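Trainee: Got a minute? I'd like to go through this structure with you.
Mentor: Sure, put it up.

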Amino acid sequence: MGNSAGLLLGATWISPLIAMLVVASGVGFVGGLGTATSRLPFAAGVDRLLPAAFGRVHPRWGTPYVSILALGLVATLLLVVYQLGDTIRVAYDELVSLMVITGFLPYLYIFGSAWKAGKRLSAVSGGAITALALFCSVVPPAEITNVWLFEGKLAGGTVAVVVSAWLVYRRRKTIMTPAIRFYWVHVAFPLGA
C-alpha cells in the first residue's frame, strides 16, 4: 500500500519511511509494555507484598532492575514452556487464552459480590459474559493438533497464576501491621468509595 501511494504521488521514499515508522512503533510498544509490566512487581516490592529485593532501584540508572530481570526470567520461562511440543502460532494462541482466563477470573468474584450486594441483574449479566469469555478461551482453535496438551498448558498456567496470587495474598496478610491495615482499609480502599 505504501509503495503504491509512493508511486502514485511520485515519492518513492514513502515506503521506507512507513517501514521505519512501523518498526519504531513496535520498539516503543515493547519498551512501554516491558516498562509498565516491570513496575508492578517493583511497586509490590516497595509495599512489601513481594520480597524487598523487588523494590530495589539500580544505583546508576534508577531502574527497578530486580523487577525487570524477574520479568524477563518469567517471560522467557513462559515462552519456552508454551513453545514445547507446539508451533509458534499454537503457543501464541495458548498464551492469549491464558491471558483471557487470568484476566477474567477476578470478574467472577466481582459479580459474585454484586449478587451478594443485591445487584442481581448486574451479577447475572456480568457473570454470564464472564463465563462465556472463559468458555471461549478454553475452546482450542482449529490449528491445535493436540487438544490435551493445549488444555493441560492452560490448566497448569491457570493453577500457577492462582497459587502465586494466593502466596502473595498470604504474605501480605502475615506482614500487615495495624498501621498498614489502617492505610489499606481507610485510605487506599475505603468501604464507602
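Mentor: We can take the aromatic residues, then a buried glutamate and the nonpolar core. Keep in mind that this is a predicted model.

Trainee: How many aromatic pairs does the structure hold?
Mentor: Two. In one of them, the ring centres of Phe 104 and Tyr 107 are 5.6 Å apart and the planes are at 50°, so that pair counts as tilted.

Trainee: Where are Phe 104 and Tyr 107 in the fold?
Mentor: Both are in helix α4, which covers residues 88–116. They are three residues apart, so about one helical turn separates them.

Trainee: Buried or exposed, that Tyr 107?
Mentor: In between: Tyr 107 is partly exposed, with a relative accessible area of 38%. Tyr 107 also pairs with Phe 111, at 6.2 Å centre to centre and 25° between the planes.

Trainee: What do you call the geometry of the pair of Tyr 107 and Phe 111?
Mentor: Stacked. The cut-off for stacked is under 30 degrees between planes, and this pair is at 25°, so it qualifies. Tyr 107 and Phe 111 are four residues apart in α4, again about one turn of the helix.

Trainee: And what about accessibility for Phe 104 and Phe 111?
Mentor: Phe 104 is partly exposed at 29%, and Phe 111 is partly exposed at 22%. Phe 104, Tyr 107 and Phe 111 together form one aromatic cluster.

Trainee: Changing topic: what sits over the ring of Trp 115?
Mentor: The charged end of Arg 120, 4.3 Å from the ring centre.

Trainee: Now the glutamate. Is Glu 94 buried or exposed?
Mentor: Buried, with a relative accessibility of 0%. Glu 94 is in helix α4.

Trainee: Which residues is Glu 94 in contact with, leaving aside neighbours within four places in sequence?
Mentor: Tyr 82, Asp 86, Phe 150, Lys 153 and Leu 154. Seen from the other side, Phe 150 touches Glu 94, and its other contacts beyond four places in sequence include Asp 93, Ser 97, Pro 140 and Pro 141.

Trainee: Which residues make up the largest nonpolar core?
Mentor: There are nine: Tyr 82, Val 90, Ala 91, Leu 98, Ile 101, Leu 134, Ile 144, Phe 150 and Leu 154. Helices α4 and α6 (147–175) each supply at least two of them.

Trainee: Which helix gives the largest share of this core?
Mentor: α4, with four residues.

Trainee: Why would nonpolar side chains be buried together?
Mentor: That is a general tendency in soluble globular proteins.

Technical notes:
Residues are numbered from 1 along each chain as its sequence is written. This is a predicted model: local features need pLDDT of at least 70, side-chain atom pairs count only at pLDDT 80 or more; totals for chains, interfaces and linings use all residues. Side-chain values use heavy atoms; hydrogens and water are left out. Rings of Phe, Tyr and Trp (its six-membered ring) pair if their centres lie within 6.5 Å; planes under 30 degrees apart count as stacked, over 60 as edge-to-face and the rest as tilted. Helices (H or I, at least four residues) and strands (E, at least two) are DSSP runs, numbered from the N terminus. Buried means under 20% relative accessible area, exposed over 50%, partly exposed in between (1.4 Å probe, protein chains only). A charge sits over a ring if NZ of Lys or CZ of Arg is within 6 Å of the ring centre and within 35 degrees of the ring normal. Contact means heavy atoms within 4.5 Å. A nonpolar core is a set of buried Ala, Val, Leu, Ile, Met, Phe, Trp, Tyr and Cys residues joined through side-chain atoms within 4.5 Å.
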